[in-house]
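Subject: Structure for your review

Dear colleague,

Please find below the structure that I am handing over to you, together with its sequence. My notes on it follow directly after.

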Amino acid sequence: MNHIKTMLRAVMLIACTLLASLTAHAVTAGPGSWSSQQTWAADSVNGGNLTGYFYWPAAQPVLAGKRALVLVLHGCTQTASGDVIDKTSDKGFNWKAVAEQYGAVILAPNATGNVYSNHCWDYANTTHTRSAAGHDAILLDLVNRFVSNPQYAIDPNQVYVTGLSSGGGEAMVLACLAPDVFAGVGINAGPPPGTTTLQIGAVPSGYIAATAASKCQAMAGSNAAKFATQIAGAVWGTSDYTVAQAYGPMDVAAMRQVYGGNFTQGSSVSIATGGTNIPYTDANGKLRTHEITVSGMGHAWPAGSGGQNSHYVDSTKINYPVFLMDFWFRNNLRASIVPAPVMSSCSSSGITATSATINGAATASSSISSYAVSLSGPSAVNDTAAGSGSSFSKSYNLASGYYTGTVSATDNLGQVSASCAIPQFLVGTAPVISAPGGLSAGTPTATSVTLSWNTVSGATGYNLYSNGTKITASPLSATSYTVTGLTASTSYSFAASAVGSSGESALSAAISVTTASSWTCSAVTASNYAHVQAGRAHDSGGYALANGSNQNMGLDNLFYTKTLAQTAAGYYIIGNCP
């Protein structure tokens, strides 16, 4: 069976299952397209500003309810716009499809300056540091801009880096320098740390995997412990005569050494379009590294079908973005790859004048350790140990009246399902009071909505319910109420009841309300001086820096003009809204 097709079917099945479990926790959908060119941090070492593009998917993420972030670095003589991003006439490295499949944000920056006279990334620098300006620092700053900006909903445990040639070498440098930042790395024809640009075509005498491992370990410093949960891979072509093919397996062997412990080499697996993959598992049986040899490929990024097929990009070989994303998502050691349990049903049954039985069932990849039952009514119930296993039924003694409630499931990993709402049911005799009519909602904000309803004869107060759960601590005397603490861009169901001397009425007809988006981006074009005076930027040493992102806009005066987009409260970036 075709290996890649089988892998893709499996990935799609996992993605669909995970997405189903996360619908209650949706994150903001992006535009589903590459951004316009952005300007990020200034590079005082190599010159100029870091520019580039990002892809913000419309699809939801597939792990832990948050997005992954992938930093993709081009090779020497390449550019992000010309070779990496997916434009109308140029499919580049072919990242768009997998970005949507996994709900991942992709970063495609341009190398600043003109390092090695070929627009390279400075992987061969003898001093790599996280703090000083230069490629290492500005790339880590770029990653942090996105991870720290809540609108992108990036999971810090799902940050990855990959690249070709000098970009592959820089990807390995970043994985070594910041193992606390990067959970995984994919190295494509990248020379390891400590080699020079004169040594790209042949491994220097005496340089072995242990040499690279030693340099990698030293770069990590106090963050070396994070290597225990990092994964790595490498890919290279059998016809690559630009970067020595021996660097490929050496890179990954070095990473295994810094990861520590014993590794077992798996059987060589054939890959589509020609070539093999050799997996390595650690002492715990976890897949930690891969080594892909691509038959007949020269010095190029293997983009697979749909990718570019020129300028060091090969569309006739393995689709490395597909392979990498599958490798990272299946084997991430920092984010749970097991979906949370899903409630499949909940109900009430066996109702008498004094009791009712609550039933529930859930599915999980692991096992259900407990169910939690919450009932709102004359006799409130908060039972966190209602049962376990694939289903449960439990009887409760209840006072006469109407009840609503929810059931949720917790698996043996501590992950909790979304709540299942129990339809309203009546125990004993119905109170002689009518349900409120005319329930309506005002214009919702991102976090609140005002509800109102008609007066009920004989009512001494009113209760409100959201998604089946009572949200008023005590009956309200007024016939309007502002519900707060809501989540932006989320749909809620609301209902009301009346309370009188005979008890609580049935629920009113429910209404559905969707909250507004948490932020609407806006852009302003003005002089740097005007931006500073208006509070969109601040002065630092005579330069205007955008508030929040700290992007360098140039001199703080009336003669420099920039467009600033406010993408979150107090957060501005150079350029138009994404």
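The notes below cover confidence, the disulfides, a surface patch and one serine.

Confidence

Please bear in mind that this is a predicted model. The mean pLDDT of the protein is 90, and 94% of its residues reach 70 or more. The stretch of residues 1-25 has a pLDDT below 50, although the model gives this stretch 41 contacts beyond near neighbours in sequence. Where pLDDT is low, the predicted coordinates should not be read in detail.

Disulfides

A disulfide is a covalent bond between the sulfur atoms of two cysteines. Searching the whole structure yields 4 disulfides. When the bonded cysteines of the protein are numbered in sequence order, they pair as 1-2, 3-4, 5-6, 7-8. Three of these links are described here, with their positions and their degree of burial.

One disulfide connects C76 and C120, with an S to S distance of 1.9 Å. This pair links distant parts of the chain, 44 residues apart: C76 is in the loop between β4 (67-73) and α2 (80-84), while C120 is in the loop between β5 (105-109) and α4 (135-147). The link of C76 and C120 is right-handed, with 125° about the S-S bond. C76 counts as partly exposed because its relative accessibility is 22%, which is above the 20% under which a residue is called buried. C120, by contrast, has a relative accessible area of 3% and is therefore buried.

A further disulfide is formed by C176 and C216, whose sulfur atoms are 2.0 Å apart. Here too distant parts of the chain are linked, with C176 in helix α5 (residues 166-177) and C216 in helix α6 (residues 209-220), 40 residues apart. Because the torsion about the S-S bond of C176 and C216 is about -100°, this disulfide is left-handed. C176 counts as buried at 0% relative accessibility, and C216 likewise counts as buried at 0%.

C521 and C577 also form a disulfide, and their sulfur atoms are 2.1 Å apart. C521 lies in the loop between β29 (511-514) and β30 (522-527) and C577 in the segment after β35 (571-574), so this bond ties together parts that are 56 residues apart in sequence. The torsion about the S-S bond of C521 and C577 is about -90°, and the disulfide is therefore left-handed. Both ends have some accessibility: C521 is partly exposed, with a relative accessible area of 26%, and C577 is partly exposed, with a relative accessible area of 28%.

Surface patch

A nonpolar patch on the surface is formed by Y529, Y543, L555, L558, F559 and Y560, which together have about 660 Å² of accessible area. One of its members, Y529, belongs to helix α9 (residues 528-534). Y529 counts as partly exposed because its relative accessibility is 39%.

Serine 35

S35 is located in the loop between β1 (33-34) and β2 (38-42). Is S35 buried or exposed? S35 counts as buried, because its relative accessibility is 11%, and the cut-off for burial is under 20%. Leaving aside residues up to four places away in sequence, S35 touches Y53 and F54.

With kind regards

Technical notes:
Residues are numbered from 1 along each chain as its sequence is written. This is a predicted model: local features need pLDDT of at least 70, side-chain atom pairs count only at pLDDT 80 or more; totals for chains, interfaces and linings use all residues. Side-chain values use heavy atoms; hydrogens and water are left out. Helices (H or I, at least four residues) and strands (E, at least two) are DSSP runs, numbered from the N terminus. Buried means under 20% relative accessible area, exposed over 50%, partly exposed in between (1.4 Å probe, protein chains only). Contact means heavy atoms within 4.5 Å. pLDDT is the predictor's confidence in each residue, from 0 to 100. Patches are made of residues with over 30% relative accessible area and no salt bridge: like charges are joined within 9 Å, nonpolar side chains (Val, Leu, Ile, Met, Phe, Trp, Tyr) within 5 Å. Accessible areas come from the Shrake-Rupley method with a 1.4 Å probe; for residues, only the protein chains shown count as cover. A salt bridge is a side-chain nitrogen of Lys or Arg within 4 Å of a carboxyl oxygen of Asp or Glu. A disulfide is a pair of cysteine sulfur atoms within 2.5 Å.
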